[in-house]
Amino acid sequence: MGVVLLIRDLSRDARVNQLRADFVGAVSHELKTPITLIRLYGETLLEDEDFSPAERRGFYEVITRESHRLSQLIDKVLAFSKIDRGEKHYHLEQAELASVVSRTVDVYKQYLRRRGFLIETQLDAALPPIRFDADAVSQALVNLLDNAAKYSGESKSIAVRSYAVNGSAVLEVEDHGVGIAHEEQEKIFDRFYRAPNAATKGGYGIGLYLVRHIMDAHSGRVELESEPQRGSRFRLIFPAVDTGSQA
Ligand code: ADP
C-alpha cells in the first residue's frame, strides 16, 4: 500500500516537473515576438535617417506597444512564481474600478487593434464601493482579454463591462469565439491546464489560474458562461465593502 502511494507520488512529481519544463519553454517562446519586434524597429530607426515623421511615429508606436506587452508577460510569470513560492501579497484599497479598467483597456486596445479587433466598453461608474489591488485586477483583466482574443476564431469583437448586481461589483469580458465545452469549464482554472480547444494556440495554462487566485484574494469569485462555437463570458465578482452604516 505504502509502495503504491509512493509510486503514485513520484509519477505526479514527474508530471509536474514536465509541466514546469514545458512552461519555461512556452514562456521563452512567447517572449521572443515582442523582443524581436522591438529590436527590429529600433535597429531600423537607427540605421536609416530617411523616414518621414509619420513613419517614425509608426515605429515608435510598435516599440511602445510591444514593450507594454513584454512587461505584461513578465508580470504574469513573476506573479505565478510568487504564488508558487507562497510569497504573493495583495494590497487592497478602496478605489474606482471603472477607471482602472478603462486605463488597462486603453493600453491593450492598441495591441488588439493591430490584429483587427474591436473592443466595446460599457463601464458603469456608479458601482458599490469595493477594495481591490489595482495592479492585480488589471492583470486579471489583461489575462481575460488575452484569452478572449486568442480564442475568438473568426469573430473580432470583444466587450468589457462593469456593472452592479446584488450589491456586488462585476467586471465582465465577453467574446464570440470558440467557447468552452461544459465538462472543461471547471478544469480550465487549474494550474497548467489547457483544454482541447487550445491545441493550436500558444500559451501555458496559468492565465486563468492567476485570475482565480486574484479573485480569491479579494474574497470574490469568477463566473463563466460559455457555449462551444458561440463564445464565452467571464465575470469577476467583487463583494462590496462593509461601510459600517447601520441606517
Ligand atoms: P492559456 O490560454 O495560456 O492556455 P489560461 O489559463 O489562460 O491558459 O486558459 C486555460 C484554458 O482555458 C485555455 O488553454 C483554453 O483551453 C481555455 N480558455 C480560456 N479562455 C478562453 C476563452 N475566452 N474561450 C475559449 N477557451 C478559453
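**Exercise 1. In β5, which residue is the bridge partner of Val160?**

Solution. This is a predicted model.
Step 1: Locate the strands. β4 covers residues 157–165 and β5 covers residues 168–175.
Step 2: Check their direction. The two strands run antiparallel, joined by 8 bridges.
Step 3: Read off the partner. Val160 is bridged to Val173 in β5.

**Exercise 2. Work out the strand order of the open sheet, and explain why β2 and β6 each have one side without a neighbour.**

Solution.
Step 1: List the strands. The open sheet has 5 strands, in the order β2-β4-β5-β7-β6. Their pairing is mixed.
Step 2: Look at the edges. β2 (118–123) and β6 (221–227) stand there, and each has a single partner strand, so one side of each lacks a neighbour in the sheet.
Step 3: Add the twist. On average, neighbouring strands of this sheet are turned by 15 degrees against each other, direction ignored.

**Exercise 3. Find which strands helices α4 and α5 lie across.**

Solution.
Step 1: Take α4, residues 134–150. This helix lies across β2, β4, β5 and β7. Its angle to β5 is about 25 degrees.
Step 2: Take α5, residues 207–217. Helix α5 lies across β6 and β7, and runs at about 25 degrees to β7.
Step 3: Place both in the whole protein. It has 5 helices and 7 strands. From the N terminus on, they run α-α-β-α-β-β-α-β-β-α-β-β.

**Exercise 4. Describe how the ligand is surrounded.**

Solution.
Step 1: Count the surroundings. The ligand has 21 residues around it. Asn147, Tyr151, Asp175, Arg194 and Asn197 are the closest.
Step 2: Examine the side chains. An N or O atom of the Asn147 side chain is 2.8 Å from a ligand oxygen. For the Arg194 side chain, the corresponding distance to a ligand oxygen is 2.5 Å.
Step 3: Examine the backbone. A polar backbone atom of Gly207 is 3.1 Å from an oxygen atom of the ligand.
Step 4: Apply the cut-off. A polar contact needs N or O atoms within 3.5 Å. The Asn147 distance of 2.8 Å fits within it.

**Exercise 5. How many aromatic pairs does the whole structure hold, and which residues form one aromatic cluster?**

Solution.
Step 1: Search the whole structure. The result is 9 aromatic pairs.
Step 2: Name the cluster. Its members are Phe23, Phe80, Phe192, Tyr204 and Tyr209.
Step 3: Turn to a charge over a ring. Lys88 lies over the face of Tyr90, 5.1 Å from the ring centre.

Note on methods: Residues are numbered from 1 along each chain as its sequence is written. This is a predicted model: local features need pLDDT of at least 70, side-chain atom pairs count only at pLDDT 80 or more; totals for chains, interfaces and linings use all residues. Side-chain values use heavy atoms; hydrogens and water are left out. Two strands pair if DSSP finds at least two bridges between them. Helices (H or I, at least four residues) and strands (E, at least two) are DSSP runs, numbered from the N terminus. Axes are lines fitted to C-alpha atoms, for helices over the stretch in contact, and angles run from 0 to 180 degrees between N-to-C directions. Contact means heavy atoms within 4.5 Å. Rings of Phe, Tyr and Trp (its six-membered ring) pair if their centres lie within 6.5 Å; planes under 30 degrees apart count as stacked, over 60 as edge-to-face and the rest as tilted. A charge sits over a ring if NZ of Lys or CZ of Arg is within 6 Å of the ring centre and within 35 degrees of the ring normal. A residue is near a molecule or strand if one of its heavy atoms lies within 4 Å of it. A polar contact is a pair of N or O atoms within 3.5 Å; within protein, one must be able to donate a hydrogen and the other to accept it, and residues adjacent in sequence count only if both atoms are side-chain atoms.
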